[in-house]
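This report describes a single protein chain from the inside outwards, starting at one residue and widening to its sheets and overall dimensions. The structure is shown first.

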Amino acid sequence: MSAPDPGSFRDPTSRVFLDGDRVLRGLDARALADVEALLASPFWAAAAAEGRVVGTRLLDPGSHPLQERWAGVAEHDRIPLVSYPYEWCFEMLRDAALAHLAITRDAVAAGFSTKDASAFNLTFDGTVPRFLDVGSFERPPRDEAWPGYAQFSDLFLAPLVLQAVGGVDFQPWLRGSVGGIDIGELSSLLPRRRRLRRGLGVHVTMQARARRKALAADAAGRPGGRGGFSPTLVTAQLANLERTVRRLRWRAQGSVWSDYGDRSHYVGDDLAAKEGFVADAVRLLEPPTVLDLGANDGRFSLLAVEAGARRAVATDFDHVVVDRLYRTLRERGEERVLPLVIDLMNPPAGAGWRGRERRPFLERARPDLTLCLAVVHHLAITDTVPFEEIVAMFADLGAPLVVEFPHPDDPMVERLLARKRPGLFDHYRLDAFEAALGARFSVERRLELGTRTLLLARPA
């Protein structure tokens with residue numbers, strides 16, 4: 001039975017439905033005409049061949065019950081995990097912005113346009129930004145300018161400027177405002193000299209001023225002006241925006257965990273043995289998708305796909321290391337690993353209308369194998385999460401688990417315990433963790449590595 005996707009209600013001409021593993025889009029008569037023309041155009045064929053847009057096809061008449069309520073139904077290829085802009089690092093948001101501008105520019109050249117410019121129109125399939133919202137394309141009226149400019153500014157440009165120029169992370173702000181960062185608010189936050197750098201005068205300072213005038217005109221009941229739709233003018237605007245976005249660079253600085261990838265705390269052959277344990281688990285379970293919690297430099301996410309997993313999702317709370325990982329994967333052309341900024345202590349919750357428009361991360365991430373390597377001690381000691389709660393989070397994911405438990409005499413654990421009052425964490429022991437794990441999982445394999453233990457467990 002088809003269920004409407006809670007995040008697709010904003011377009012009155014189409015609606016996305018989930019039917020098992022199928023992703024369907026109901027289209028009214030106007031949207032159907034636009035989509036038919038779109039799918040028949042050389043522009044779309046080229047974009048689809050290059051993987052810039054999600055694969056889409058129209059269903060034959062009478063082939064699905066949704067066609068009783070809609071003029072037509074399209075089916076999209078399913079993206080394994082739809083991620084959101086506030087889960088991306090700076091370079092991912094920047095690449096997504098450039099992808100949106102490029103697809104809009106090509107659409108305008110082909111006689112189409114995009115009627116909005118939400119950052120949620122795209123997601124990442126591995127390291128590839130892919131445009132999802134086929135319903136966003138239309139054959140525009142001749143009397144309209146590009147209607148996506150303001151939305152692009154709030155959901156792409158403003159967050160990028162906030163981080164690149166203002167030095168403020170955009171992810172927390174976007175999590176709290178699915179509509180983005182109002183360009184006027186951004187303008188008021190930045191000193192004037194910074195607002196005028198890197199081509200921002202037009203798109204930040206002047207746009208903020210124009211919005212204030214438009215609001216004043218609305219309040220006074222004065223009609224606003226309408227600019228004529230000129231493909232030449234819109235193309236020039238898109239090119240100017242592209243130059244502005246390309247100038248925005250965030251020079252990632254060091255962070256607490258940005259140098260963790262040296263793994264000097266492993267001795268002898270322990271690291272090789274750990275890699276072998278993880279690779280054997282992947283070969284045994286043959287998981288299509290691996291979720292790597294606390295992935296840092298992505299070493300074990302890459303190991304998982306090399307061992308046979310189709311894809312891996314590499315999450316870390318530190319957006320500096322995620323940005324570095326994304327750049328590395330992009331340079332290598334590695335598309336099987338999706339890096340995301342996820343804080344396990346505060347994972348993205350439901351957001352938007354009724355708290356359901358954007359689904360919680362832990363609901364979207366349905367892995368076939370979870371890796372939790374060198375993370376438990378941070379959760380249990382730094383963040384004081386009880387073992388039972390940590391295991392409950394693993395159980396919520398509903399997948400087999402490879403988990404690493406550093407013992408109390410492990411150098412990394414000793415460093416954490418040294419900051420705590422003596423006796424406060426006497427419960428931090430392997431037997432106590434295994435007891436909590438055993439209530440929800442069945443341990444099948446284990447490996448002792450000096451001061452650490454690796455466990456392979458399946459949901460009980």
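In this predicted model, Trp250 touches Phe90, Gln163, His319, Val320, Asp323 and Arg327, leaving aside residues up to four places away in sequence. Trp250 lies in the loop between α9 (231-247) and α10 (270-285), and its relative accessibility of 13% falls under the 20% cut-off, so Trp250 counts as buried. The C-alpha atoms of Trp250 and Val165 are 8.0 Å apart in space, although the two residues are 85 residues apart in sequence.

**The seven-stranded sheet**

An open sheet of 7 strands with mixed pairing follows the order β12-β11-β10-β13-β14-β16-β15. Its edges are β12 (337-341) and β15 (441-449), each of which has a single partner strand, so one side of each is left without a neighbour in the sheet. On average, and with direction ignored, neighbouring strands of this sheet are turned by 20° against each other. Strand β14 (residues 401-406) runs antiparallel to strand β16 (residues 452-459), and 6 bridges join the two; within this pairing, Glu404 has Leu454 in β16 as its bridge partner. Helix α12 (residues 319-332) packs on the sheet, where it touches β11 (311-316) and β12, and the direction of α12 makes about 160° with that of β12.

**The five-stranded sheet**

Another open sheet has 5 strands in the order β1-β2-β3-β5-β4, with antiparallel pairing. Its edge strands are β1 (3-4) and β4, each pairing on one side only. Helix α1 packs on this sheet, touching β3 (22-27), β4 and β5, and its direction makes about 120° with that of β4. The table sets out three of the strand pairings, each with one pair of residues that stand opposite one another.

| Strand pair | Sense | Bridges | Residues opposite each other |
|---|---|---|---|
| β2 (residues 14-19) and β3 | antiparallel | 6 bridges | Asp19 and Arg22 |
| β3 and β5 | antiparallel | 5 bridges | Gly26 and Val73 |
| β4 and β5 (residues 72-76) | antiparallel | 3 bridges | Leu58 and Ala74 |

The strands β2 and β3 form a hairpin with 2 residues between them, and Gly20 in that turn has a positive phi of about 65°. Of the 6 residues of β3, 5 are buried, so this strand is largely enclosed by the rest of the structure. In a regular strand the side chains alternate between the two faces of the sheet.

**Helix α2 and its two sides**

Which residues of helix α2 are buried? In this helix (residues 42-49), they are Phe43, Trp44 and Ala47. Viewed down the axis of α2, these buried residues fall within an arc of 90°, so they line one face of the helix. An α-helix has 3.6 residues a turn, so residues three or four places apart point the same way. The buried residues of α2 pack against α1 (29-39), β4 (56-58), α3 (90-109) and β9 (137-138); α1 and β4 also touch one another where α1 packs on the five-stranded sheet. On the face of α2 turned away from its buried side are the exposed residues Pro42 and Ala49. Just after α2, Gly51 takes a positive phi of about 75°.

**The protein as a whole**

The protein contains 17 helices and 16 strands. Its radius of gyration is 24 Å, close to the 23 Å that the globule rule gives for 460 residues, so the protein is as compact as a globular protein of that length. Taken along the principal axes, the box filled by the C-alpha atoms is roughly 70 × 60 × 40 Å.

Buried residues make up 53% of the 460 residues. Among the contacts with a separation of 6 or more, 71% are accounted for by residues 24 or more positions apart, and the contact of Trp250 with Phe90 may be read alongside that figure. The accessible surface comes to about 20,300 Å², of which carbon and sulfur atoms hold 51%.

Terms used: Residues are numbered from 1 along each chain as its sequence is written. This is a predicted model: local features need pLDDT of at least 70, side-chain atom pairs count only at pLDDT 80 or more; totals for chains, interfaces and linings use all residues. Side-chain values use heavy atoms; hydrogens and water are left out. Two strands pair if DSSP finds at least two bridges between them. Helices (H or I, at least four residues) and strands (E, at least two) are DSSP runs, numbered from the N terminus. Axes are lines fitted to C-alpha atoms, for helices over the stretch in contact, and angles run from 0 to 180 degrees between N-to-C directions. Contact means heavy atoms within 4.5 Å. The radius of gyration is taken over C-alpha atoms; the globule rule is 2.2 Å times the number of residues to the power 0.38. Buried means under 20% relative accessible area, exposed over 50%, partly exposed in between (1.4 Å probe, protein chains only). Accessible areas come from the Shrake-Rupley method with a 1.4 Å probe; for residues, only the protein chains shown count as cover. The arc is that of the directions from the helix axis to the C-beta atoms.
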